[in-house]
Amino acid sequence: MSCVYTARVAVKFDLAPVSIASNTNVASATLELYITSDAVDRLSDPITVHRLTAAWNPAETTWNRRDNLTMWTVPGGDFDPVPDDSVTAGSADTGTWIVLDVTRSVQAWVNDPVANHGLIVKMPGRFTDKF
């Protein structure tokens, strides 16, 4: 028996404690992810990271809802369709790190802190758990 599902991960970093002057040039910003499973069905597809475009509550977010009262405009999250970066899933072996360039999003947040809704990482294709 198997179960097939699509995976996305939303993350947000509070930049308020970091003293960065508005419109400061961000030279580089990366998101590093540790690969714990190689259960990806479509290894040639990319893992992509996108800027979220709507506020959400980590304790209440689901595939369909960004909080208990509000639906995402599109199931799975409201995000910029242009990815900040991507890496081919097949190049990411279990037990290794992947590094995604998120400079574009961090620069946007420095320029307009209110726009910081975090990032969403889209996993390739669909995952299959077999049991």
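**One helix across the strands: a group meeting talk**

Hi everyone, let me start with the helix: helix 1 lies across strand 4 and strand 7, and it runs at about 10° to strand 4. Before going further, please keep in mind that this is a predicted model.

Now the overall layout. The protein's secondary structure comes to one helix and eight strands. Read from the N terminus, the elements go β-β-β-β-β-β-α-β-β. Of the 131 residues in the protein, 33% are buried. If you look at contacts with a separation of 6 or more, 81% of them are between residues 24 or more positions apart. For those of you who like surfaces, the protein exposes about 7900 Å², with carbon and sulfur atoms supplying 55% of that.

Let's look at the sheet next. Four strands form an open sheet in the order 2-7-4-5, and the pairing is antiparallel. What happens at the edges? Strand 2, residues 8–11, and strand 5, residues 85–88, stand there with a single partner strand each, so one side of each has no neighbour in the sheet. On average, neighbouring strands in this sheet are turned by 15° against each other, ignoring direction. One of the pairings is between strand 4 and strand 5, antiparallel over four bridges. There you can find P46 opposite T88 in strand 5.

Back to the helix, which covers residues 103–111. Its buried residues are T103, S105, V106, Q107, W109 and V110. What do they pack against? The answer is strand 4 (46–51), strand 6 and strand 7 (119–122).

Strand 6 deserves a moment of its own. In a regular strand, side chains alternate between the two faces of the sheet. Here, along residues 97–101, I98 and L100 point to one face and are buried, whereas W97, V99 and D101 point to the other and are not. Strand 6 also pairs with strand 3, residues 30–34, in the antiparallel sense over five bridges. Within that pair, E32 is opposite V99.

On to the cores. Nonpolar side chains in soluble globular proteins tend to be buried together. In this model the largest nonpolar core has 15 residues, and L31, V49, I98, V102, V106 and L119 have the most contacts inside it. Strand 4, strand 6, helix 1 and strand 7 are the elements that give it two or more residues. Which of them gives the largest share? That is helix 1, with three residues. There is also a second, separate core of six residues, and among them are L52, A54, W72 and I120. As for V106 in the helix, setting aside residues up to four places away in sequence, V106 touches V26 and A29.

I'd like to finish with A54, from that second core. You will find A54 in the loop between strand 4 and strand 5. Is A54 buried or exposed? Its relative accessibility is 10%, and buried means under 20%, so A54 counts as buried. Apart from neighbours within four places in sequence, A54 is in contact with R66, W72, D78 and H117. Take D78 as an example: A54 and D78 are 24 residues apart in sequence, yet their C-alpha atoms are 6.1 Å apart in space.

That's my tour. Thanks for listening!

Terms used. Residues are numbered from 1 along each chain as its sequence is written. This is a predicted model: local features need pLDDT of at least 70, side-chain atom pairs count only at pLDDT 80 or more; totals for chains, interfaces and linings use all residues. Side-chain values use heavy atoms; hydrogens and water are left out. Buried means under 20% relative accessible area, exposed over 50%, partly exposed in between (1.4 Å probe, protein chains only). Two strands pair if DSSP finds at least two bridges between them. Contact means heavy atoms within 4.5 Å. Accessible areas come from the Shrake-Rupley method with a 1.4 Å probe; for residues, only the protein chains shown count as cover. A nonpolar core is a set of buried Ala, Val, Leu, Ile, Met, Phe, Trp, Tyr and Cys residues joined through side-chain atoms within 4.5 Å. Axes are lines fitted to C-alpha atoms, for helices over the stretch in contact, and angles run from 0 to 180 degrees between N-to-C directions.
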